[in-house]
Amino acid sequence: MAVNIGTSLLLAAGLVLFERALVFTAERAVERVTVPIRAEAAAARAESQSVREENAQLTERTARLEARLLDLDDQLRARANAEAQARANNFASLTETVDRQTVIEIMDAASRINALDIHSWTRENGRITVPAGVGLEAPRIALEYATIEEHSGSTDDIPTLRLALIGMEDAAIAWEEDDDPIQIFTDIRTTMISRGEAKRSGPLSPEAFFSNLRTAVQEAVISRSADPEGWLTNTPVMEMVADGWMITGGGVEVRGHGVVIRRDQYPHNVPGKDRASYRVGAAPDHLDSATWDFAAQRGGSYFTGPMDEPWGNYPPGTPF
């Protein structure tokens, strides 16, 4: 019996040792499995924290960028408003007083946005023709603005103005810095008389010229700038025919009626053949026929021939 009891105790001790070994083995196995998992979990938490920090930084940078963009928008609008106000002030100044610098400033503002016609002098956008008197028979003067280099290699440009009576463009008069407006118009009148045009010089009016110039350039600028008050198409203005009538890159335009004579309605000028008539049809009933005929004739000086880019109003296949 004692032997049986000893055997039982020995077996129980072995089972205890085996159980401990089994538990130890199991714990080691569990540890081998859970350690990488805990490590991965810790890495995941660290990565998640890093992502949150990066997102926070990105959100902060995005907020700063949005604020900067809004600031740029405000600056752009402020600058545009300032430029518009400066143009308005210049136009108002030309109404109150006439001087060379004010004329240069309004012509420069229009030229920089290509609101005016191109002149053959420098190929710059800085030419406009307006009546220099009252009525369709008044003399018409083309004002040309350009900036000329002071000398070769210089970065300074000299603003230059020239006035040319239509029909006497070869006798254009430069408006020098020390010349006042009366001197310029005295020179124009003297030129007209010297060429046998004394009768035409009678209606010559500096007041009418500068008033029409202010109106024409202002309407060219606001229309080119897509101002709601603009009534012209988005093309350069070439000539003011009469109040509410303009010749632009699109044709003859009338306030409230749009383009009434398209530039492509003018007949082609074929080299070697007689120049076609300017007539583009009779005036509609709602438009003044005399102004219509005069505007159509003036439009022909712009839209018939090589002035109409790139090859003028020449039909396709015309030999050159």
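Does Asp179 count as buried, partly exposed or exposed, and what is its relative accessibility? In this predicted model, the value comes out at 23%, so Asp179 counts as partly exposed; the cut-off for buried is under 20%. As for where the residue sits, Asp179 belongs to the loop that runs between strand E5 (173-174) and helix H3 (181-194). Once residues up to four places away in sequence are set aside, Asp179 touches Ala174 and Ile184. There is also a link to a distant part of the chain: Arg100 is 79 residues away in sequence, yet its C-alpha atom and that of Asp179 are separated by 8.1 Å.

Next comes Ala110, which is part of helix H2 (residues 100-112). Its relative accessible area is 0%, so Ala110 is buried. Leaving out neighbours within four places in sequence, the contacts of Ala110 are Ala115, Leu116, Val217 and Val221. Of these partners, Val217 lies 107 residues from Ala110 in sequence, with a C-alpha to C-alpha distance of 6.9 Å.

Thr129, finally, is a residue of strand E2 (residues 125-131). Here too the relative accessible area is 0%, and Thr129 is therefore buried. Not counting residues up to four places away in sequence, Thr129 touches a run of three residues, Arg140, Ile141 and Ala142, among others. Another run in its contact list is made up of Met238, Glu239 and Met240. Ile166 and Tyr302 are also touched by Thr129.

Note on methods
Residues numbered from 1 in each chain as written. Predicted model: local features only at pLDDT ≥ 70, side-chain atom pairs only at ≥ 80, totals over all residues. Heavy atoms only, no water. Helix = DSSP H or I, 4+ residues; strand = E, 2+ residues; numbered from the N terminus. Buried < 20%, exposed > 50% of the residue type's maximum accessible area, 1.4 Å probe, protein only. Contact = heavy atoms within 4.5 Å.
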